[in-house]
Amino acid sequence: MRLLPVPDAWLSYSVLRRLLDRDLELVRGAMKGRVLEIGNGHAPRRGRFKPPVAEVDSWTFLDLSTERLPDVQADLHALPFGSACFDTAVCLEVLEYVTDPKACLRELARVLKPGAALILSTPFHHRRDHAKDLWRWTDEGLKQLVGKSGFVIEQIFPQGGELAVLASLLFRKLQTMHPSLRRNLLSALAKPFLFCLLKRDEKHSSHDVVSTGYLLLALRENPT
């Protein structure tokens with residue numbers, strides 16, 4: 001029997017990113033007014049989530065590097081903006097790379113107007129993918145960190161449960177295999193198996209204590 005090669009394109013869309021994109025749709029309505037997005041630029045964004053246009057007056061990209069073509073090159077520890085000048089801050093998979101997460105959250109609180117939305121995501125059960133990948137938080141740890149930085153927690157969404165974590169580990173293994181190995185019968189069966197795990201995870205992950213990551217929606221407190 002001649003086996004058909006398995007296309008590699010689907011391997012570029014990780015389990016964590018797939019679930020994060022799904023949950024970003026749930027908080028789309030909170031993205032409005034003057035939006036500041038940390039860790040992105042005008043180069044193609046990671047994932048497949050398309051930011052909204054309605055209700056958005058401007059969308060400012062900020063990144064430490066110029067590679068992603070941001071509007072502003074700056075460090076999250078010291079944002080080059082005045083206080084209370086943004087209506088929304090989006091910070092996806094960035095906080096784990098900063099040296100002082102509390103200081104960065106205080107900076108985000110400073111530049112947001114009272115009542116403005118913070119949309120923040122961080123990985124949990126996910127590989128260390130860079131030498132500066134420093135931190136992991138549980139959902140409760142993330143709530144405490146953000147809640148003590150000038151925000152009121154509205155919602156937190158886990159990116160899957162135990163089966164999603166298992167799918168993520170298998171997915172990573174496939175990514176690191178030699179292309180010739182990915183085209184054998186095992187890999188041909190792996191794709192539907194992974195999607196089966198994710199489907200099952202949607203139905204059974206609500207009470208799991210592990211997740212690939214978390215998406216949090218919080219509102220800026222009124223300064224006292």
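This is a short dialogue on reading the fold, core and cysteines of a predicted model.

User: Let's start wide. How many helices and strands does the chain have, and in what pattern?

Analyst: The chain has six helices and seven strands. Going along the sequence, the pattern reads α-β-β-β-β-α-β-α-β-α-α-α-β.

User: And how do I judge the overall dimensions? What radius of gyration does the chain have?

Analyst: Compare it with what a compact globule would give. For 224 residues that is near 17 Å, and the chain has 19 Å, which agrees. The C-alpha trace spans about 70 × 40 × 35 Å along its principal axes. As for burial, 47% of the 224 residues count as buried. You can also look at sequence separation: of the contacts with a separation of 6 or more, 77% are between residues 24 or more positions apart.

User: Now the sheet. In what order do the strands sit?

Analyst: Write the strands down by neighbour rather than by number. Here that gives S3-S2-S1-S4-S5-S7-S6, an open sheet of seven strands with mixed pairing. S3 (72–73) and S6 are at the edges with a single partner strand each, so one side of each has no neighbour in the sheet.

User: Can we zoom in on one pair? How many bridges join S1 to S2?

Analyst: Six bridges join S1 to S2 (residues 56–63), and the two strands run parallel. If you want a spot to look at, Arg34 stands opposite Ser58 in S2.

User: Which strands does H2 lie across?

Analyst: H2 lies across S1, S4, S5, S6 and S7, and its direction is at about 145° to S5. H3 also packs on strands: H3 lies across S5, S6 and S7, at about 160° to S6.

User: Is H2 largely enclosed or not, and why?

Analyst: Count its buried residues. Eight of the eleven in H2 are buried, so the helix is largely enclosed by the rest of the structure. Those eight are Pro101, Ala103, Cys104, Leu105, Glu107, Leu108, Ala109 and Val111. Their cover includes S1, S4, S5, H3, S6 and S7.

User: Which residues touch the most other members of the largest nonpolar core?

Analyst: The general idea: in soluble globular proteins, nonpolar side chains tend to be buried together. In this model the largest core has 34 residues, and Ile38, Leu76, Leu79, Phe81, Leu108 and Leu118 touch the most other members. At least two residues each come from S1 (33–38), S4 (86–92), H2 (101–111), S5 (112–123), H3 (139–147), S6 (151–158) and S7 (213–220). H2 gives the largest share, five residues. Apart from that core lies another one, of 17 residues, including Val90, Ala117, Phe157 and Leu217.

User: Pick one core residue for me. What is Phe81 in contact with?

Analyst: Setting aside neighbours within four places in sequence, Phe81 is in contact with Leu36, Thr60, Leu62, Val72, Phe86, Arg110 and Val111.

User: Last topic, the cysteines. How many disulfides are there?

Analyst: A disulfide is a covalent bond between the sulfur atoms of two cysteines. A search of the whole structure finds zero. For Cys85, the nearest cysteine sulfur is that of Cys91, 16 Å away. Cys85 is buried, with a relative accessible area of 16%.

User: And why is Cys104 not bonded to Cys91?

Analyst: Check the distance. The sulfur of Cys104 is 7.9 Å from that of Cys91, its closest cysteine sulfur, and that is too far for a bond. Cys104 is buried, with a relative accessible area of 0%.

Technical notes: Residues numbered from 1 in each chain as written. Predicted model: local features only at pLDDT ≥ 70, side-chain atom pairs only at ≥ 80, totals over all residues. Heavy atoms only, no water. Core = buried A, V, L, I, M, F, W, Y, C linked by side-chain atoms within 4.5 Å. Buried < 20%, exposed > 50% of the residue type's maximum accessible area, 1.4 Å probe, protein only. Helix = DSSP H or I, 4+ residues; strand = E, 2+ residues; numbered from the N terminus. Contact = heavy atoms within 4.5 Å. Pairing = 2+ DSSP bridges. Axes fitted to C-alpha atoms, helices over the stretch in contact; angles between N-to-C directions. Disulfide = S-S within 2.5 Å. Rg over C-alpha atoms; globule rule 2.2 N^0.38 Å.
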